[in-house]
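Please walk through this structure with attention to how its helices pack, how its chains meet and where its backbone departs from the usual.

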Amino acid sequence: MTQLEKNIEAIKEMSGSDPYKCMRCGKCTASCPAYSEMDIKPHQFASYIIRGDFEELIESKAAWKCLSCFACIERCPRDVQPGKLVDATRQIVARSRGGDYLQPEEVPGLLAEDLPQQLLVSAFRRYRR
Amino acid sequence: MQKIGVFVCHCGTNIAATVDVKKVVELVRYEPGVVFADDYMYMCSEAGQEKIIEAIKEYGLTGLVICSCSPRMHEKTFRACAEKAGLNPYMVEVANIREQCSWIHKDKEEATKKAVILARAAIAKVNLNAPLKEGESPVTKRALVIGGGIAGIQTALDIADAGYEVDIVEKEPSIGGRMSQFDKTFPTLDCASCILTPKMVEVNQHPNITLYTYSEVEKVSGYVGNFDVDIRKKARSIIFDKCTGCGECMTKCPLGKIGNIPSEFDRGLKNRPAIYMPFAQAVPAVPVIDRENCTYFKTGKCGVCSKLCPSKAIDYEQQDEIVTVKYGAIVVATGFDIINLDKFGEYAYNESPDVITSIELERLMNAAGPTGGHLERMSDHKQPKDIVFIQCVGSRCDSEEKGKPYCSKVCCMYTAKHAMLIKDHWPDTNITVFYIDVRTPGKNFDEFYRRAVEQYHVNYIKGQVGKVKPQPDGSLLVQAADLLDGKQINMKADMVVLAAAIEPNPGVRKIATMLTASIDNNNFLTEAHAKLRPVESPTAGIFLSGMAQGPKDIPETVSQAGAAAVKVIGLLAKDSLKTNPCTAQCDTLLCNGCSTCANVCPYGAITYDDVQVMDHGLRETRRVAQVNNALCQGCGACTSACPSGAMDLQGFSNRQITTEVDAICR
Amino acid sequence: MAVTMKYSYYPGCTLKNKAQDLDRYARASAVALGFELEEIPEWQCCGGVYPLATDEIATKLSSVRALNYAKEQGQDLITLCSACHHVLKRVNDDMKNVEDTRTRANNYCEFDEPYSGETKVLHFLEVLRDVIGFEELAKKVVNPLEGRKIGAYYGCLTLRPGKILDFDDPEDPKIMEDFIRALGAEPVIYSMRNECCGGYTALKDPDFTKQRTAQIFDDSTGFGADCLITACPLCMYNLNKSDASSKVPVYYFTELLAEALGVKEGA
């Protein structure tokens with residue numbers, strides 16, 4: 001296996017999704033509620049991974065703008081479940097030092113009286129390793 | 001002692017790359033019985049076969065072992081070759097060192113060892129082979145076509161025109177199938193009915209064709225050349241010969257006005273009465289009473305049709321009738337339908353009446369359809385100004401519960417056709433097609449699609465639709481992706497048309513089981529060889545025509561129908577067929593009449609008779625097993641089940657199998 | 001005389017704090033409907049989100065403990081919060097079907113008996129639909145919510161992924177609409193009912209969630225809804241941040257349930 005293939009295997013393992021199955025139909029992008037916020041679109045995650053453009057993926061904002069709403073996962077006809085690839089990207093970035101999207105110091109400034117715990121916990125889990 | 005010749009084939013690199021064929025030759029040269037061993041690049045070729053024939057003549061060979069591909073490929077070839085050289089064809093054994101060896105192993109040493117073992121086993125067997133003579137079985141010169149759509153109709157016409165008798169069994173009240181529901185056909189834009197109805201009439205009037213409509217095949221037994229088929233003629237409740245097709249009953253049926261029985265032919269877009277003909281050009285032009293919904297059959301009241309029929313043709317007491325007919329060949333032409341869209345709730349098909357399937361659109365655009373050919377929204381009957389077509393709904397889908405993995409082949413073309421026809425009639429309509437790819441593989445097909453874009457300005461957008469959202473004002477909002485321009489689009493539409501995946505007619509599994517014809521996971525009937533034998537089932541005597549075998553359009557269906565007809569004619573033209581001589585045989589001296597064999601035989605080939613037996617000087621009458629060689633398929637179930645060893649299989653006797661095992665275990 | 005059904009109950013952190021309404025109305029309704037919710041002792045927060053990376057294990061453990069407790073009690077596990085429902089069902093599915101997760105979780109937790117997904121996780125609504133039955137529920141309603149046009153807001157976590165959560169059809173769900181009908185009101189169907197409100201992005205991108213919720217209100221009111229119901233405290237928070245919520249109130253479904261059953265006051 002080439003190094004690229006090994007990296008893709010690693011992402012396949014971690015996400016449980018096979019980017020090669022993508023047929024570039026765009027249904028995920030069509031379903032994504034956060035589309036307007038994303039610089040790299042859901043349907044592009046599979047092709048970026050296959051081409052090995054990992055840097056661009058890691059620098060992108062898209063992974064943090066994903067709502068984890070599972071619409072793309074539910075509707076993908078090829079069972080690629082792009083949301084899993086997005087989450088894998090999130091994890092890769094978060095697990096590398098300093099890659100978190102949310103720092104603990106930020107939290108007090110974001111708190112509000114009626115903020116439910118669920119919001120804080122979910123955000124912490126998704127935005128950090 | 002036999003004089004066996006062993007030939008090891010290279011099969012190009014298919015075998016030779018993984019098996020050291022020269023070594024195999026060396027190692028089997030000295031096996032008991034072997035007088036000659038050689039290898040060659042392609043044993044099945046003319047040159048290869050010449051080598052075999054020469055060796056038979058030169059060395060006086062009495063048996064052959066060919067180490068090559070699967071016997072399913074070339075056993076016939078090598079048997080014929082032996083026969084040409086004057087050797088009984090059943091003195092030939094094939095050792096499969098390709099599918100069972102070189103194609104599944106990577107290690108050359110291991111594969112070569114295994115090839116030698118397989119060769120040894122075959123040699124051991126041939127040592128015990130006895131010459132066998134094929135039997136003969138008669139051929140009933142009549143064909144059965146299951147399914148009366150364009151595939152079935154064309155096949156039947158071709159067979160009938162060649163002078164053979166053909167029966168068509170169609171489960172709907174009329175023949176015509178899906179094509180009768182279409183409006184126009186691509187790429188010529190012929191009116192479907194105009195080109196189909198003449199064929200339907202021809203079928204009805206042809207002296208060699210018998211039509212069984214509103215009928216189903218219930219039971220099939222027998223074998224190629226001699227099938228016995230039970231056909232259930234469902235009760236139409238109409239006396240066929242009396243009915244003139246005047247249509248009084250249909251117009252007067254009260255459920256036609258006040259009832260809510262959806263018309264299957266009009267895909268539920270309109271209702272029909274309980275006594276009905278599916279469409280005006282139905283063949284035969286005799287109605288049918290839908291007993292499940294008819295008031296008379298449900299409550300005993302009404303009976304209007306019977307009172308009004310001028311020909312007194314209505315018979316409420318009519319029963320289903322079962323006829324048994326003999327056939328030499330059976331063609332399966334059961335056709336298709338589109339998948340159920342319940343798993344595609346994102347397109348709001350069940351929610352909004354303005355989201356329709358392509359077949360429903362065909363009915364709407366058809367001049368004989370529920371709206372008289374006027375394209376209108378089913379919600380408010382207004383003409384749609386903005387129409388969106390969504391391709392690949394349920395096709396190319398990897399998730400089994402939702403859709404089908406294959407491409408349905410016809411949708412790209414028929415959507416282009418729909419778009420152009422609509423634009424032609426109503427040029428102000430805005431049409432958008434959301435596609436993944438546009439597939440136009442036929443003659444003049446791509447030019448057809450380009451006309452839609454360049455001449456008719458249909459807007460083709462590469463991208464799929466995520467959701468169809470019904471809006472409070474009755475319109476639809478389509479949320480989709482434009483991948484080439486990199487946008488998410490929210491487009492207003494008055495009507496959305498879904499190109500749903502096709503699937504084989506659901507009843508086909510039952511039929512395939514009855515015929516013991518192979519069927520794949522997608523319910524398409526499997527062909528004997530995907531490239532070289534596309535219209536025959538691996539089961540002898542069963543042929544395939546139309547969508548039942550795989551997605552295809554009308555030109556391909558008609559081609560395939562002709563091909564299937566030719567194969568049938570080739571079969572029926574024979575007066576008798578050679579039967580497999582490798583059948584079971586009962587040694588009456590050992591048989592104790594226990595009936596075990598008869599109970600396990602799947603073909604009903606074994607009966608028990610009282611027979612005179614001479615046993616060690618004692619003459620007795622005993623009840624022993626008798627095998628019908630024509631029915632026996634040589635499966636060997638009886639041979640393994642027989643407790644006394646009386647039953648043995650010619651060509652695969654117990655001794656032969658044991659000697660093969662011994663050779664392998666040596 | 002029917003024996004009172006007992007269920008292990010996993011409230012989740014938010015129900016004990018900012019979403020107490022969701023909890024207390026549920027308890028009161030349960031009593032009225034004849035089943036009991038026994039809160040699991042020492043439960044821990046589910047995490048709010050299901051970790052999608054296949055090698056994650058620590059984040060799933062609190063769910064595993066809750067599931068195992070229910071198994072030991074021989075009871076089904078009920079939850080009210082959409083997020084907890086999502087996480088519990090998915091972790092349960094992993095424990096059943098993913099050998100790696102099952103082995104590692106069991107190794108860490110050291111239960112008396114290894115847990116392999118035996119417990120059945122039910123959302124409160126599923127109990128109403130499958131155990132009680134909406135027809136029975138309708139019979140127990142004393143204050144039918146007549147004339148009310150209620151839009152069900154499912155959000156995303158109750159429904160997707162459809163195969164694993166097995167809650168209802170993810171694109172065309174019916175459970176909340178049937179629930180609304182049982183309470184005597186008229187359900188309003190609108191296409192945004194199963195589209196995400198924005199979820200946890202509200203923390204850092206509140207403008208975005210405001211956009212989303214505005215669309216949800218537009219769509220539901222366009223079809224005639226005068227109020228919305230939800231089962232998710234986060235959806236409730238996001239929806240209430242929208243200006244439209246001043247005209248179109250959002251309730252927890254249990255509040256309307258309690259009202260219909262006549263037990264709202266004492267809750």
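In this predicted model, helix 1 of chain A and helix 7 of chain A, the latter spanning residues 82–95, have axes that come within 9 Å and cross at roughly 105 degrees. Angles from 65 to 115 degrees count as roughly perpendicular, so helix 1 of chain A is roughly perpendicular to helix 7 of chain A. From helix 1 of chain A, the contact takes A:I11, A:M14 and A:S15. Helix 7 of chain A answers with A:K84, A:L85, A:A88, A:Q91, A:I92 and A:R95. By class, the residues of this contact are 5 nonpolar, 2 polar and 2 charged.

Helix 1 of chain A, residues 3–15, also packs against helix 3 of chain A, residues 42–51. Here the axes come within 8 Å, and the crossing angle is roughly 140 degrees. Only angles over 145 degrees count as roughly antiparallel, and this pair is therefore oblique. The residues that meet are A:L4, A:I8 and A:I11 in helix 1 of chain A and A:I49, A:I50 and A:R51 in helix 3 of chain A. This contact has 5 nonpolar residues, no polar ones and 1 charged. A:I11 thus appears in the contact with helix 3 of chain A and in the contact with helix 7 of chain A.

Helix 7 of chain A also takes part in a charged pair. Side chains of opposite charge can pair when their charged atoms come close. A:D87 forms a salt bridge with A:R126, with the closest N and O atoms 3.6 Å apart. The pair links distant parts of the chain, since A:D87 is in helix 7 of chain A and A:R126 is in helix 9 of chain A (residues 117–127), 39 residues away. Over all chains, the count comes to 71 salt bridges.

The next topic is the contact between chains. Between chain C and chain A, the buried area is about 3,800 Å², with 58% of it on carbon and sulfur atoms. Chain C puts 45 residues into this contact and chain A puts in 43. How many salt bridges are there between chain C and chain A? The count is 5. In one salt bridge, the side chains of C:E195 and A:R75 meet at 3.4 Å, N to O. There are also 16 residue pairs in polar contact between chain C and chain A, with both residues at pLDDT 80 or more. On the side of chain C that touches chain A, helix 3 (82–97), helix 9 (206–222) and helix 10 (233–240) of chain C each supply at least two residues. That side of chain C divides into 23 nonpolar, 11 polar and 11 charged residues.

Chain A also touches chain B. The area buried between chain A and chain B is about 1,600 Å², and carbon and sulfur atoms give 50% of this. In chain A, the residues that lose the most area to chain B are A:K27, A:A30 and A:R75, which together make up 33% of what that side buries. A:R75 is thus listed here as well as in the salt bridge with C:E195. The contact takes 17 residues from chain A and 22 residues from chain B.

The count of salt bridges between chain A and chain B is 2. A:K21 forms a salt bridge with B:D398, and the closest N and O atoms are 2.7 Å apart. Across this interface, 15 residue pairs are in polar contact, both residues being at pLDDT 80 or more. Helix 2 (27–31) and helix 6 (71–75) of chain A each supply at least two residues of the side of chain A that touches chain B. Helix 2 of chain A gives the largest share of that side, 4 residues. By class, the side of chain A that touches chain B has 6 nonpolar, 4 polar and 7 charged residues.

Some backbone details remain. Most residues other than glycine have a negative phi, and most peptide bonds are trans. The peptide bond from B:V283 to B:P284 is cis, with omega near -5 degrees. B:P284 lies in the loop between strand 15 (275–276) and strand 16 (288–289) of chain B. In chain C, the peptide bond from C:R160 to C:P161 is cis, with omega near -5 degrees. C:P161 is in the loop between strand 5 (149–152) and helix 7 (162–165) of chain C. B:L189 is not a glycine, yet it has a positive phi of about 60 degrees. The place of B:L189 is the loop between strand 8 (184–185) and strand 9 (190–191) of chain B.

Notes
Residues are numbered from 1 along each chain as its sequence is written. Chains are lettered from A and ligands numbered from 1 in the order in which they are written. This is a predicted model: local features need pLDDT of at least 70, side-chain atom pairs count only at pLDDT 80 or more; totals for chains, interfaces and linings use all residues. Side-chain values use heavy atoms; hydrogens and water are left out. Contact means heavy atoms within 4.5 Å. Buried area is the accessible area (1.4 Å probe) that two parts lose on being put together, summed over both. A salt bridge is a side-chain nitrogen of Lys or Arg within 4 Å of a carboxyl oxygen of Asp or Glu. A polar contact is a pair of N or O atoms within 3.5 Å; within protein, one must be able to donate a hydrogen and the other to accept it, and residues adjacent in sequence count only if both atoms are side-chain atoms. Ala, Val, Leu, Ile, Met, Phe, Trp, Tyr, Cys and Pro count as nonpolar, Asp, Glu, Lys and Arg as charged, and the others, Gly among them, as polar. Axes are lines fitted to C-alpha atoms, for helices over the stretch in contact, and angles run from 0 to 180 degrees between N-to-C directions. Angles under 35 degrees count as roughly parallel, over 145 as roughly antiparallel, 65 to 115 as roughly perpendicular and the rest as oblique.
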